[in-house]
Amino acid sequence: MFAIKEAYQAGLLQARHWPQNILAGVIVGIVALPLAMAFAIASGVKPEQGIYTAIIAGIIVSLAGGSRVQIAGPTGAFIVILAGIVAEHGIVGLQVATMMAGVILLILGAAKLGSIIRYIPNPVIIGFTSGIAVIIFVGQWQEFFGVTAVSAEHFHQQFWGLLQQLPQLDLATTGIAIAALLAVLVTPKMPYLRKIPGPLIALVLATLLQLIFNFASVRTIGSAFGGIPQGLPEFSLPQLSFSQIVTLIGPAFAIAMLGAIESLLSAVVADGMAGTKHHSNQELMGQGAANIIAPLFGGIAATGAIARTATNIRNGGNSPIAGVVHGLVLVIILLALAPLADAIPLAALSAILFVVAWNMSDAPHFLKMLRRAPRADIAILLITFSLTVFADLVVAVNIGVIIAMLHFVRRMASSVEVKAETQPELAPALAQHQLTELPPGISVYTLEGPFFFAAAETFERTLGAIHARPHILILRFKWVPFMDITALQTLEEVIQRFQRQHTQVLISGANERVLKKLERAGIVTLVGATSVFSNFEPALAKALAELPTSAESRH
């Protein structure tokens, strides 16, 4: 109960804060109603399941999440994944996968892995969210234009099939959809209507048009789903089997990863708007609990909703009270106004999703990144975007992250430098021994940067290119922040090669962390404890003292 506890400690549960949080909760509840139904229908389930999700997840995350202003519920980001799971595994499969995703989120939070989600590169996030937006946009053409559904396995097939049907669009459906779309876009700019949520105005306007003209060709919630049940959802435990769990592991991880990313992004946005500081691990645990419990009452996957969270903050919400009130408002609407939903045109919901898709695409940011980002980041952005649209969201995110990681490793490896020290660089140390240049028979090589698997080959190649074998080789590790096992093994092989050629190897400047790794890997034993120095000057002194002996031993 991190969120409610933090709000209590901050004094935000006092009576003087209740009015603004209740008002914010009412407004967010009204905003959430059309969105919850739209997201549910687009995900392949009944509209009431979206409302159930918003109620249960909204209350649980508000009380037990990691942000005291977060509003959770079904979101557009899930549409593509959930629709695919429903098509392949049915509603029960979706509920099981969602509960499994909840368990995964709990484990991630308990293992304190919340901060790792932040390391997913921005081109990957923008690429797949923009890709999802395109899929949602095209997926709503059926209801927006009143055309026949296209059964297609791939996006390009669905797109081409819908495009061919556009000349046969239904004028009544399209007219209502355009009116709803204009209501969503225009009313926030009108002085007397800006305080009323645009999606609500669109919903009411489209419903009134349908009630007045009663267009036979316009699909409504009543004609498509038989209306919305008036009452609270009942508890139902989906049947579980081991084979079903194994089959749904992939989809469950997809829901969990996307839910984690979306909720933490929303929490970061909330921190910037409200001046708060969320607890990422607790946020994952709160989201996990919500996704375990929501399917038991007919709900679907949920996560932090950026738009609803922002609406909450803009209207004065600063404690979990607003999130709880948002859920209670939906309960009241479900109990008192459910029969009125029969006449809501699906075209109005598709118009709302058009706007959601545009906002999700973040097109200005996408285009800005194309113009200004480095070429490698642009490639990652376009690859992730293309794979999201034409292949699969999970594949897109995985490949996008892998490519970004490989690019990062390549850049890190190219930043590592192995070089022979020159006379000017060694002048201060040589001056202490009344020398102006390094004596023949002593070579000094410096490694700058992290010594890891990608840099090991550079290290080995550079030292292998030494033609005149020195009597004594000093390796400077002063600027090496860390080493991995590949680097340690490469270092061991290089030292053994030099020792076979009767070259003594000295190590200097390793920090405490690197020195412990050298000791554990046996490198210190290999060169001898007396050949390892904390600074370069003592290493140079030893080399100068032993140089004649080493030279004589060569003859």
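Thr-207 makes a handy starting point, and its place is in helix α9, which covers residues 198–213. In this predicted model, Thr-207 has a relative accessible area of 12% and is therefore buried, the cut-off being under 20%. Leaving out residues up to four places away in sequence, Thr-207 touches Ala-343, Ile-344 and Pro-345.

As for confidence, the chain averages a pLDDT of 91, and 98% of the residues score at least 70. One stretch to treat with care is residues 549–555, where the pLDDT is below 50. Beyond near neighbours in sequence, that stretch has 10 contacts in the model. Where pLDDT is low, the predicted coordinates should not be read in detail.

Next comes the nonpolar interior. In soluble globular proteins, nonpolar side chains tend to be buried together. Here, the largest nonpolar core takes in 101 residues, and the members touching the most others are Met-37, Ile-51, Phe-128, Ile-255 and Leu-349. Helix α4 (residues 79–110) supplies the largest share of this core, with 13 residues. There is also a second, separate core of 32 residues, with Leu-447, Ile-495, Ile-507 and Val-532 among them. Back in the largest core, Phe-128 is one of the residues that touch the most other members. Setting aside neighbours within four places in sequence, Phe-128 is in contact with Leu-258 and Ile-261, and also with Thr-384, Thr-388, Leu-393 and Val-397.

The aromatic rings tell their own story, with 14 aromatic pairs turning up across the whole structure. Phe-137 and Trp-141 make an edge-to-face pair, their centres 5.9 Å apart and their planes at 85 degrees. The two partners sit differently with respect to the surface: Phe-137 is partly exposed, at 34% relative accessible area, whereas Trp-141 is buried, at 9%. Another pair, Phe-451 with Phe-459, is tilted, with 4.8 Å centre to centre and 55 degrees between the planes. Here Phe-451 is buried with a relative accessible area of 0%, and Phe-459 counts as buried too, at 2%.

Phe-137 and Trp-141 also belong to a cluster linked by ring pairs, along with Phe-144, Phe-145, Phe-155, Phe-159, Phe-354 and Phe-390. Elsewhere among the rings, a charged side chain comes into play: Arg-476 lies over the face of Phe-536, 4.2 Å from the ring centre.

How values were computed: Residues numbered from 1 in each chain as written. Predicted model: local features only at pLDDT ≥ 70, side-chain atom pairs only at ≥ 80, totals over all residues. Heavy atoms only, no water. pLDDT = per-residue confidence, 0-100. Contact = heavy atoms within 4.5 Å. Core = buried A, V, L, I, M, F, W, Y, C linked by side-chain atoms within 4.5 Å. Buried < 20%, exposed > 50% of the residue type's maximum accessible area, 1.4 Å probe, protein only. Helix = DSSP H or I, 4+ residues; strand = E, 2+ residues; numbered from the N terminus. Phe/Tyr/Trp six-rings, centres within 6.5 Å; stacked < 30°, edge-to-face > 60°. Lys NZ or Arg CZ within 6 Å of the ring centre and 35° of its normal.
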